[in-house]
Amino acid sequence: MPELPEVETLLRQLRQTITSEKICEVRIYDEKLVRFPEMIGRRVREIRRAGKEVEIDLGGPVIHIHLRMSGRLFWRRSGDLIPPHTRFSIAFENGEIICIDPRRFATLTFRSGPSVLRSRPVDILTGMDPREICNRAGRRRLPVKALLLDQRDMPGMGNIYACEILFEAAVSPWRRACDVTAAEWEAIAAAAGRILKEAVLCRGTSISDWRDLFGRPGEYQRRLQVYGREGKTCLRCAARIERRKIGGRGTYFCPGCQK
DNA sequence: CCCTATGTTCCCAA
DNA sequence: CTTGGGAACATAGG
């Protein structure tokens, strides 16, 4: 269930672990995924991320991974045991990456062509421009949280951090995007920068089963201000946190101080 | 049995 | 064209 900070955590750990390493073997355990023999013998040149998508560039061919809801990647030295829900593994001379994904939504694709992630919009981790977002919100009447979760507008944004960002910015998730003021967009952008960077430093949020490449849980769950706190007292005012659906997603917010 | 789940896409209706 | 709702994908857990 990785969002941007979790995928960024994996990206950094993958870079330090498999950069320049040579692929020895690729195993596929799920018939939904397809094997591509051209990977064998190639070395990892570069690893990129755009939003929640990851690309392992082999200097020509590219491996593309999206973990969706329940996908996880783990590094291990030896590959004798195959844990339940293992979907694929990519073995190198010094160890292997395995993907474990109970719900089987994760995708693994190979391309012989160049990167598809290079031409993507600016990453919200390196900075969202509040004026540009304000312009893009234009006359759109959907709830601001729905806009935040749109991957074309906010690549990498996920449900937990969208709730946290709107809480910190004190903006109601129900506000129409076109009614959010320039000052509020600035507050949202500032909150996003602070929260996402802090979450990366914490190696993500482990509410249930998120673990990093080395099997360690993240720490950001201890810093959550609103997500998962339905019925509890708001940490900023005296109101009670509510949960309602926006776009089918559980949305936590404080009716007292998010206006 | 019911409901929920950190994601995304597609179809349909207003 | 926009938006919102529901289903689908597939599984585990409360």
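**Exercise 1. Helices α2 and α5**

Task: In this predicted model, what is the handedness of the crossing of α2 and α5, and at what angle do the two helices pack?

Solution.
- Step 1. Handedness: α2 crosses α5 in a right-handed sense.
- Step 2. Locate the partners. Helix α2 covers residues 130-137, and helix α5 covers residues 182-201.
- Step 3. Take the geometry. The packing angle is about 125°, and the axes lie 9 Å apart.
- Step 4. Classify. Angles over 145 degrees would be roughly antiparallel, and 65 to 115 roughly perpendicular. The pair α2 and α5 is therefore oblique.
- Step 5. List the contact. From α2 come Pro-130, Ile-133, Cys-134 and Ala-137. From α5 come Ala-182, Trp-185, Glu-186 and Ala-189.
- Step 6. Sort by class. This contact holds 7 nonpolar residues, no polar ones and 1 charged.

**Exercise 2. Helices α1 and α5**

Task: How do the axes of α1 and α5 cross, and which residues make the contact?

Solution.
- Step 1. Helix α1 spans residues 4-18. Its axis and that of α5 come within 9 Å and cross at roughly 45°.
- Step 2. Angles under 35 degrees count as roughly parallel. At roughly 45°, α1 is therefore oblique to α5.
- Step 3. The crossing of α1 and α5 is right-handed.
- Step 4. α1 contributes Pro-5, Glu-8, Thr-9 and Arg-12. α5 contributes Leu-196, Ala-199 and Val-200.
- Step 5. By class, the contact of α1 with α5 has 4 nonpolar, 1 polar and 2 charged residues.

**Exercise 3. Helices α4 and α5**

Task: Where do α4 and α5 meet, and what classes of residue make up the contact?

Solution.
- Step 1. The axes of α4 and α5 come within 8 Å and cross at roughly 130°. That angle makes α4 oblique to α5.
- Step 2. The handedness is again a simple reading: α4 passes α5 in a right-handed crossing.
- Step 3. On the α4 side are Tyr-161, Glu-164, Ile-165, Leu-166, Glu-168 and Ala-169. Among their partners in α5 are Ala-187, Ile-188, Arg-194 and Leu-196.
- Step 4. The contact of α4 with α5 divides into 11 nonpolar, no polar and 3 charged residues.

**Exercise 4. DNA strand C**

Task: Which residues surround DNA strand C, and which parts of the strand do Arg-103, Arg-104 and Arg-141 approach?

Solution.
- Step 1. The residues around strand C are Lys-32, His-85, Pro-102, Arg-103, Arg-104, Phe-105, Arg-140, Arg-141, Leu-142, Pro-143 and Arg-176. Of the strand's atoms within 4 Å of the protein, 68% belong to sugar and phosphate.
- Step 2. By class, this surface has 4 nonpolar, 1 polar and 6 charged residues.
- Step 3. Base: a side-chain N or O atom of Arg-103 is 2.5 Å from a base nitrogen of strand C.
- Step 4. Phosphate: a polar side-chain atom of Arg-104 lies 3.3 Å from a phosphate oxygen of strand C. With Arg-141, a polar backbone atom is 2.5 Å from a phosphate oxygen.

**Exercise 5. DNA strand B**

Task: How many residues surround DNA strand B, and which are the closest?

Solution.
- Step 1. The count is 21, and the closest are Met-1, Lys-52, Ser-208, Tyr-227 and Arg-249. Sugar and phosphate supply 58% of the strand B atoms within 4 Å of the protein.
- Step 2. α4 (159-169), β9 (242-246) and β10 (249-253) each supply at least two residues of this surface.
- Step 3. The classes are 7 nonpolar, 7 polar and 7 charged.
- Step 4. Bases: a polar side-chain atom of Arg-103 lies 3.2 Å from a base nitrogen of strand B. A backbone N or O atom of Ile-207 lies 3.0 Å from a base oxygen of strand B.
- Step 5. Phosphate: a side-chain N or O atom of Arg-243 is 3.4 Å from a phosphate oxygen of strand B.

Definitions and conventions:
Residues numbered from 1 in each chain as written. Chains lettered and ligands numbered in written order. Predicted model: local features only at pLDDT ≥ 70, side-chain atom pairs only at ≥ 80, totals over all residues. Heavy atoms only, no water. Near = heavy atom within 4 Å. Polar contact = N/O pair within 3.5 Å; in protein donor to acceptor, adjacent residues only side chain to side chain. Nonpolar A, V, L, I, M, F, W, Y, C, P; charged D, E, K, R; others polar. Axes fitted to C-alpha atoms, helices over the stretch in contact; angles between N-to-C directions. Helix = DSSP H or I, 4+ residues; strand = E, 2+ residues; numbered from the N terminus. Left-handed = near helix turned anticlockwise from the far one by under 90°. Contact = heavy atoms within 4.5 Å.
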